[in-house]
Amino acid sequence: MAAGSRWIRGCCSLLRRSFPAVASVRRRCLSGWHQVVGVGLGVSLCAVPIVEHNVVSLSNDALIKRAVSLVTDSTSTLLSQTTYALIEALTEYTKAVYTLVSLYKQYASLLGKMNSEEVDAVWQVVIGARVDVRTKQEEYLRLESSWMTALRLSEMAAEAAYQSGADQASVSARSHIQLVKSQVQEVRLLSQKAETKLAEAQTEELIKAQGEDSSLPEGILGSSEAGEDPYLRED
């Protein structure tokens, strides 16, 4: 056993003397590893973010601009919804008016060609169409009131945005207001044109009815008074 140990130590001593580079490489590797560990640890420590408890506080102006931008967005949404509803109601009203125009013209063309029972039956259809026009008119007037409220809110929000310095929000709101105004105006012109056609058809019907009063059911004549919409007259 002792002899074996001495033999092994002798071999190791011989190897160190014969291959001094091996020991040197081992020392350099160990030394390098310690350096790498040291550097890596330093990098790791540097990579850890240092949290600074600096709370960024917004100024009052910034908070007002943020709030007014939210308000303009909300009022624009409300204006869009009420505009859509109003345009739809005005369109339905215009269709109903044109339907009544067509019925009046047909009725006027048949005067003198029908007996009293036939005249009464046709006139009941006209009355039904007039009721439909009245109903749709009331609906669009109700929605028009809501639209006007939404329009005023949007205008106030745009002005508030301008006063607070939120220029982009103000410009966007005003552009939207102009857009919906033009859309509603376009549909209003169509409904006004239909009302003009209806007044003309009603006048024609009244002129013919006066010449055929003997065959007309009670209540058809003398129903258009000054200041009253002709298509809303009562029978």
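Thr77 is found in helix 3, which spans residues 60–110; helices here are DSSP runs (H or I) of at least four residues, numbered from the N terminus. The structure is a predicted model, in which local features need pLDDT of at least 70 and side-chain atom pairs count only at pLDDT 80 or more, while totals for chains, interfaces and linings use all residues. Residues are numbered from 1 along each chain as its sequence is written, and side-chain values use heavy atoms, with hydrogens and water left out.

Thr77 has a relative accessibility of 47% and therefore counts as partly exposed, a class between buried (under 20% relative accessible area) and exposed (over 50%), computed with a 1.4 Å probe on protein chains only. Leu78 is also found in helix 3, and Leu78 is partly exposed because its relative accessibility is 38%.

Ser154 belongs to helix 4, residues 116–164. From Thr77, Ser154 is 77 residues away in sequence, and their C-alpha atoms are 9.4 Å apart in space. Ser154 is buried, because its relative accessible area is 3%.

Which residues does Ser154 touch, not counting residues up to four places away in sequence? They are Thr75, Ser76, Leu79 and Ile177, where contact means heavy atoms within 4.5 Å. In addition, the side chain of Ser154 reaches the backbone oxygen of Thr75 at 3.2 Å.

The surface offers a further feature. Leu78, Leu153 and Met156 form a nonpolar patch there, with about 280 Å² of accessible area together. Such areas come from the Shrake-Rupley method with a 1.4 Å probe, and for residues only the protein chains shown count as cover. Patch residues have over 30% relative accessible area and no salt bridge (a side-chain nitrogen of Lys or Arg within 4 Å of a carboxyl oxygen of Asp or Glu); nonpolar side chains (Val, Leu, Ile, Met, Phe, Trp, Tyr) are joined within 5 Å, and like charges within 9 Å.

Conventions: Helices (H or I, at least four residues) and strands (E, at least two) are DSSP runs, numbered from the N terminus. A polar contact is a pair of N or O atoms within 3.5 Å; within protein, one must be able to donate a hydrogen and the other to accept it, and residues adjacent in sequence count only if both atoms are side-chain atoms.
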